[in-house]
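Open the model in your viewer and keep the selection tool at hand. Each stop says what to pick and what to look for.

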Amino acid sequence: MAFISITSPHSHRANSTAGVMQQLLLATLPGVLALFWFFGSGILIQLALSITTAVLCEAGILYLRKKPIAFYLKDYSAVVTAVLLALAIPPIAPWWIIVIGTGFAMVFAKHLYGGLGSNPFNPAMVGYAFLLISFPLQMTTWLPAEGNFGANTGLENTLQMVFSGNMDSANSDGVSNIDAFSGATPLDELKTQLDLEQSTAILQQPGVFDGLLAGAGWDWVNIGFLIGGIYLIWRKIISWHIPVGFLAGLGILALAFNLYQPADYASPLFHWFSGGCMLGAFFIATDPVSAATSDKGRFIYGFLIGLLIYIIRTFGGYPDAVAFSVLLLNLAAPTIDYYTQPRSYGHDKPNRGTAKKDS
């Protein structure tokens, strides 16, 4: 008689890696459309450059590692990394910025550790941090937000700026220097110009804080990514724990300081709908490979990211720093998992791999 041994009760899902990645890409569409509407066609150029670079780098590394190229390219993980990085840089950044950043993310942050499932850090955020530290000028140049598909610059002008690196035409139209997507114009203004004497005047400046919830254009970009994030939770692609913890950590500190001194510290709504908040909460921090894995651990992981973002935005050297906060908590994710493991089936307490000696 043959017996079948099953070690634990398991739940199975029909989603494949490729299916999950495709759903993630679909969920970014509202945010991409908002970026396109307010900042022009540069976002589409950056997406095309990033995806092309990521696929070529993935294929090249797989060839060198003697892995089946077509099999691994079909999982869309390279495309997701490319899209997240492209959404995090200025749409008018020179072409070589996104090429270098995507190549660095794919080679050093992903395949250097063994490929998908083995990387301890979020590859897109490693690429972004590398670019921001290495090329701060190119990574902090944005056009002001305008509706009607980026009325401040046409396709021809955008192509010229991206592929020639000539920013003079953009400067004549009033380029605003900020800390890339996760350092949007309102956050940059709040960070670099806000002080006790000027706080009220700056908060009332037209064109800076005159959006629906935060900065003009940027609130709609974040609303777009929020819609996409809710879709991911509804489809059970991600759990709610990390995004809710992320927004709670950021919101609680923002509310405390805003209640303490509202003239000097922005409200939670402003912080939630500025910069890369919603992109970070629903698409970046939720990376299943580099994030915490238990439900309690995910909430703590997201909560700590939110706290770090507010601290760095308010007291640190960067207007937003979603990328740096995520990377720091990627380091802490194994420790968080160690102390938040759920109870093993059939045991009263979590099993952390430590056995007590018999007395």
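The tour runs from the whole chain to helix pairs, then to single residues.

**Stop 1: the whole chain**

Keep in mind that this model is predicted. Show the chain as a cartoon. It holds 18 helices and two strands. Colour by burial next. Of the 359 residues in the chain, 50% are buried. Then turn to contacts between residues at least 6 apart in sequence: 76% of them join residues at least 24 apart.

**Stop 2: helix H1**

Select residues 17-27, which form helix H1. Which residues of H1 are buried? Pick Ala 18, Met 21, Gln 23, Leu 24, Leu 25 and Ala 27 to see them. Now bring up what lies over these buried residues. The cover includes helix H2 (29-39), H5, helix H13 (218-234) and H16.

**Stop 3: H1 against H5**

Add helix H5, residues 77-87. The axes of H1 and H5 come within 9 Å and cross at roughly 25°. An angle under 35 degrees counts as roughly parallel, so H1 and H5 are roughly parallel to each other. Their crossing is left-handed. Show side chains at the contact. H1 supplies Met 21, Leu 24 and Leu 25, while H5 supplies Ser 77, Val 79, Val 80 and Val 83. Sorted by class, the contact of H1 with H5 has six nonpolar residues, one polar residue and no charged ones. Met 21, Leu 24 and Leu 25 also belong to the buried residues of H1.

**Stop 4: H5 against H7**

Keep H5 on screen and add helix H7, residues 123-134. How do the axes of H5 and H7 cross, and at what angle? They come within 8 Å and cross at roughly 40°. H5 and H7 are therefore oblique to each other. This crossing is right-handed. From H5, pick Thr 81, Leu 84 and Leu 85; from H7, pick Pro 123, Ala 124, Gly 127 and Tyr 128. These residues make the contact. They divide into five nonpolar, two polar and no charged.

**Stop 5: Leu 84**

Zoom in on Leu 84 in H5. Is Leu 84 buried or exposed? Its relative accessible area is 7% and the cut-off for buried is under 20%, so Leu 84 is buried. Display its contacts, leaving out residues up to four places away in sequence. Leu 84 touches Ala 124, Leu 279 and Phe 283. Ala 124 is one of the H7 residues from the previous stop. Leu 279 and Phe 283 are among the buried residues of H16. For a distance check, draw a line from Leu 84 to Thr 102, C-alpha to C-alpha. The two are 18 residues apart in sequence and 10.0 Å apart in space.

**Stop 6: helix H16**

Follow those contacts into H16, residues 277-284. Why is H16 described as largely enclosed by the rest of the structure? Eight of its eight residues are buried, so H16 is largely enclosed. Step along Cys 277, Met 278, Leu 279, Gly 280, Ala 281, Phe 282, Phe 283 and Ile 284 to check each one. H16 is also part of the cover over the buried residues of H1.

**Stop 7: Thr 340**

Finish at Thr 340, in the segment after helix H18 (322-339). Thr 340 is buried, with a relative accessible area of 10%. Its side chain reaches the backbone oxygen of Ile 336 at 2.6 Å. Not counting residues up to four places away in sequence, Thr 340 touches Ser 294, Lys 296, Gly 297 and Ile 300.

Conventions:
Residues are numbered from 1 along each chain as its sequence is written. This is a predicted model: local features need pLDDT of at least 70, side-chain atom pairs count only at pLDDT 80 or more; totals for chains, interfaces and linings use all residues. Side-chain values use heavy atoms; hydrogens and water are left out. Buried means under 20% relative accessible area, exposed over 50%, partly exposed in between (1.4 Å probe, protein chains only). Helices (H or I, at least four residues) and strands (E, at least two) are DSSP runs, numbered from the N terminus. Contact means heavy atoms within 4.5 Å. Axes are lines fitted to C-alpha atoms, for helices over the stretch in contact, and angles run from 0 to 180 degrees between N-to-C directions. Angles under 35 degrees count as roughly parallel, over 145 as roughly antiparallel, 65 to 115 as roughly perpendicular and the rest as oblique. A crossing is left-handed if the near helix is turned anticlockwise from the far one by less than a right angle, and right-handed if clockwise. Ala, Val, Leu, Ile, Met, Phe, Trp, Tyr, Cys and Pro count as nonpolar, Asp, Glu, Lys and Arg as charged, and the others, Gly among them, as polar. A polar contact is a pair of N or O atoms within 3.5 Å; within protein, one must be able to donate a hydrogen and the other to accept it, and residues adjacent in sequence count only if both atoms are side-chain atoms.
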